[in-house]
Amino acid sequence: MITRFLISNMDRRGLAFLALIAAIGVLVPLSNLLMPAGSPVHVSTATMSLWGKYLCYALLAISLDLVWGYCGILSLGHGAFFALGGYAMGMYLMRQIGSRGVYGNPILPDFMVFLNWQELPWYWYGFSSFPFAMLMVLLVPGLLAFVFGWFAFRSRVTGVYLSIITQALTYALLLAFFRNDMGFGGNNGLTDFKDIVGFNVQAQTTRAALFAMTCVMLIAGFLIARGIVGSKLGKVVIAIRDAESRTRFLGYRVDHFKLFVFTVSACMAGVAGALYVPQVGIINPSEFAPANSIETVIWVAVGGRGTLVGAALGAVVVNWAKTMFTSGWMAPYWLFALGAVFVFVTLFMPKGVLGTVQGWWEKRRKPQPEPNGEPAPAE
Amino acid sequence: MPSVIRLLRLLAVIATVLGAPAVARAQNAEDAFARFNADSFSDTARAIDILIQSAHPNAAVIIEALADGRLLAGGGAVVVKTKAGSFVDARSGQALAAEPAGLSAVRLNNNVRRVIQGALGGLGLLNPDPARRAAAAEAVFRARDLSVLPVLEAAIAKETDARARTALRQAQAAILIVKTDAPPFDRIAAVDVLRERGDQDALATLRALPGDASPALKEAQARAITDIEGKLALWRAGQNLWYGLSLGSVLLLAAIGLAITFGVMGVINMAHGEMVMLGAYTTFLVQEVIRARFPGLFDYSLAIAIPSAFLVAGAVGIAIERGVIRFLYGRPLETLLATWGISLILQQAVRTAFGPTNREVGAPSFMSGAFELGGLAITWNRLWIIVFAALVFLALLAILKLTPMGLQMRAVTQNRRMASAMGIRTGRIDALTFGLGSGVAGLAGVALSQIDNVSPNLGQSYIIDSFMVVVFGGVGNLWGTLISAMTLGVANKLLEPYAGAVLGKIALLVFIILFIQKRPRGLFALKGRAVEA
């Protein structure tokens, strides 16, 4: 029943995306592990981790597309959920270090010893267990989104005001996590990880496994999002995006729908963050920065909002361009390019790359009724 | 015993002031000069005493020079090297043409220094200048040296200047507090004098009361301490309030342009912080030009910078509106993103042109320094910024209420379609509003350049606060922005002593997030169906 539910909402583009990610998820780790280092088909571990990072961003972009492209909630603070998931994973990894840290304390992480803390704060209890940590990865962002959303959507805060207060939310978390007294590593963050579920975090096999896991989660996230969007619930959500008051007057509880989508999206973002941290090796409070969250929005905008595949595509393309730009002679011009992308995409390509390509494609064929999930260019 | 020696020394000062044979004086002074040449610490200390006793006219100059290491002696001669570097003969006070040969500085050790301190203090109490007398009394107040008491009392009896007399009485009170064998009535009177003084030093002095005081005295001390602490707490609260007002005025300047733009056009301009930054950099450029070409005009640099910043920021704003925002009409969220992109471009452009480091913007002379108002320390630059913010606010109020353009702006804010139907060119109003909002941001930049670092990141530090002010205050009314800015500024600063700056800020952010739930459109929201569209 679930497979029917998931597959029935798939279109050719989605299937192609799934096939691509599945192929990448299998081939890249194999190539990294089995191929000899000099071979042209070999993917180096560094490249693999880099692409793992891109795929985490792709999952984050899908989660944002779910709320923005399909529900019209422009959240400028999704980076907060990403970072919270990352911190949950980071706390688990810190507990795994045990006595191998610089100060050799079996219970307290290094930064706590450095700050002269005597015992572990209560909110760190339980993070030595992997299942608990994974539960927190889902629960913490989800809970924050639920509470925030419950207040916001019930009071019908919409549009620009909502965007501003999501920005305020992530900014407040940034300030809070930067404080050394909070017990989350302060401005240095959590780093120097050793083990994940017993495997060495730096080992090649572990990294390959993490990459494969990221692909699996990306596929899962895509399927969930597609499932939601293609279902009857999804239809209502799209209606809320296009004409909120009308949907409300038709009798639907708009705030419930929004809350559901917002919470699911936050959990997804949390998972993305959790996979991001072991591959990058550090989590620090600057992940909460409003600028990061706004960049996430541009990934979705570039790729094509309202098309989940487009969001993932945009995330990978923009981050790849960022890596290319910021290493080498073009480094000072990256911000110019990024700013120009913002302006260009909003002015000339409101549907993003995928949407515009789709539009051209549609124009060349005979006029047909629009397929499922195609967004109308409304607010 | 050093205190007895000091007492004797000071009594000698009195004695000599009251008149002593000039010859005897001159002879004693000669002895002092000979001892300076002896190059031994005990001789130098003795020399100082003799110099004081002899009431040599140059005694004060010589002893100050000795303290600074500017007293030179050798071969019988004693020479003072002035701070300007010229040389003066110590005995006669005559200027010397060149440095005499064979001189070396008279050396000091801690004992000599102590003797110098005592001598200078004693000299100060009888100084002809009342301000110097008050200063010497202040030094005695802090030192609480029992041996100076007779001198003090004599000085008080002779004192004519009111301020000096108060200072002398306070010094006397400070000594009486620690003098256990003084008459009890005098000590209680001393507690009262200290309570009158009422500042932190008086508090410290009161607390220095020895433990064996009588119960009446202890009670008087306790009452006085509570009194002073209460007054100090009030002044501290007042100081925090002042800081809050100052911060509020800065927030007002930064946010009011944003509020106007948001009200008329419904778009949040994420590049608003960069307009502020452009205003600050304009100030920097104006000052650079003035420094290079017209150095005499430096005090007017701000007066020139204000219109320049307004024009520069306003022009950039109009360019943004005509170039980008006009095409995004009706899509506020996209406008938000586009303006964010523009802000990145502007930041990087400024960074490339001026470098990423802070640039120095100087303050004109009328904005430097501070003054005391009761227990408050008020800096001139912040005071002028508050005045400036008030003037800008009133000017904007006048524009909105009294000019035709203001009328059209208000009409478009309330109901865009109807205004357009009435013949108002909404496109033109949009451009002008954006220009006005950006121009005011430029003015904010001029003000901020005086109290903050001028760097490409200047805008980023104020943008979130500006958003909060606008979201909290609502866009219906300029007064809403004023109240919102002042409330947030004062609340922030009042929270700071209790929670720290960061937690205070977080608390305010959380408060605003919750407040929005109650009033989704801010304190002063526009009402009516057209607003919901």
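These are my notes on the contact between chain A and chain B, and on one hairpin in chain B, in a predicted model.

**Entry 1, extent of the contact.** I looked up how many residues take part: chain A gives 41 residues and chain B gives 41 residues. I then took the buried area, since the size of an interface is often given as the accessible area lost when the parts come together. For chain A and chain B this comes to about 3800 Å², with 79% of it on carbon and sulfur atoms.

**Entry 2, polar terms.** I asked how many salt bridges there are between chain A and chain B. The count is 1. I identified the side chains as those of A:Arg305 and B:Glu334, at 3.4 Å from N to O. For polar contacts across the interface of chain A and chain B, I noted 4 residue pairs, both residues of each at pLDDT 80 or more.

**Entry 3, the chain A side.** I listed the helices of chain A that each supply at least two residues to the side touching chain B: α6 (130-154), α7 (159-178), α12 (290-303) and α14 (334-348). Which element gives the most to this side? I found that α7(A) does, with 13 residues. By class, I recorded 30 nonpolar, 8 polar and 3 charged residues on the side of chain A that touches chain B.

**Entry 4, a hairpin in chain B.** I turned to strands β6 (residues 370-373) and β7 (residues 376-379) of chain B, which run antiparallel and are joined by 4 bridges. I noted one of the pairings: B:Ala370 has B:Thr379 in β7(B) as its bridge partner. The two strands, β6(B) and β7(B), form a hairpin with 2 residues between them. In the turn I read a positive phi of about 65° for B:Gly374.

Technical notes:
Residues numbered from 1 in each chain as written. Chains lettered and ligands numbered in written order. Predicted model: local features only at pLDDT ≥ 70, side-chain atom pairs only at ≥ 80, totals over all residues. Heavy atoms only, no water. Contact = heavy atoms within 4.5 Å. Buried area = accessible area lost by both parts, 1.4 Å probe. Salt bridge = Lys/Arg side-chain N within 4 Å of Asp/Glu carboxyl O. Polar contact = N/O pair within 3.5 Å; in protein donor to acceptor, adjacent residues only side chain to side chain. Nonpolar A, V, L, I, M, F, W, Y, C, P; charged D, E, K, R; others polar. Pairing = 2+ DSSP bridges.
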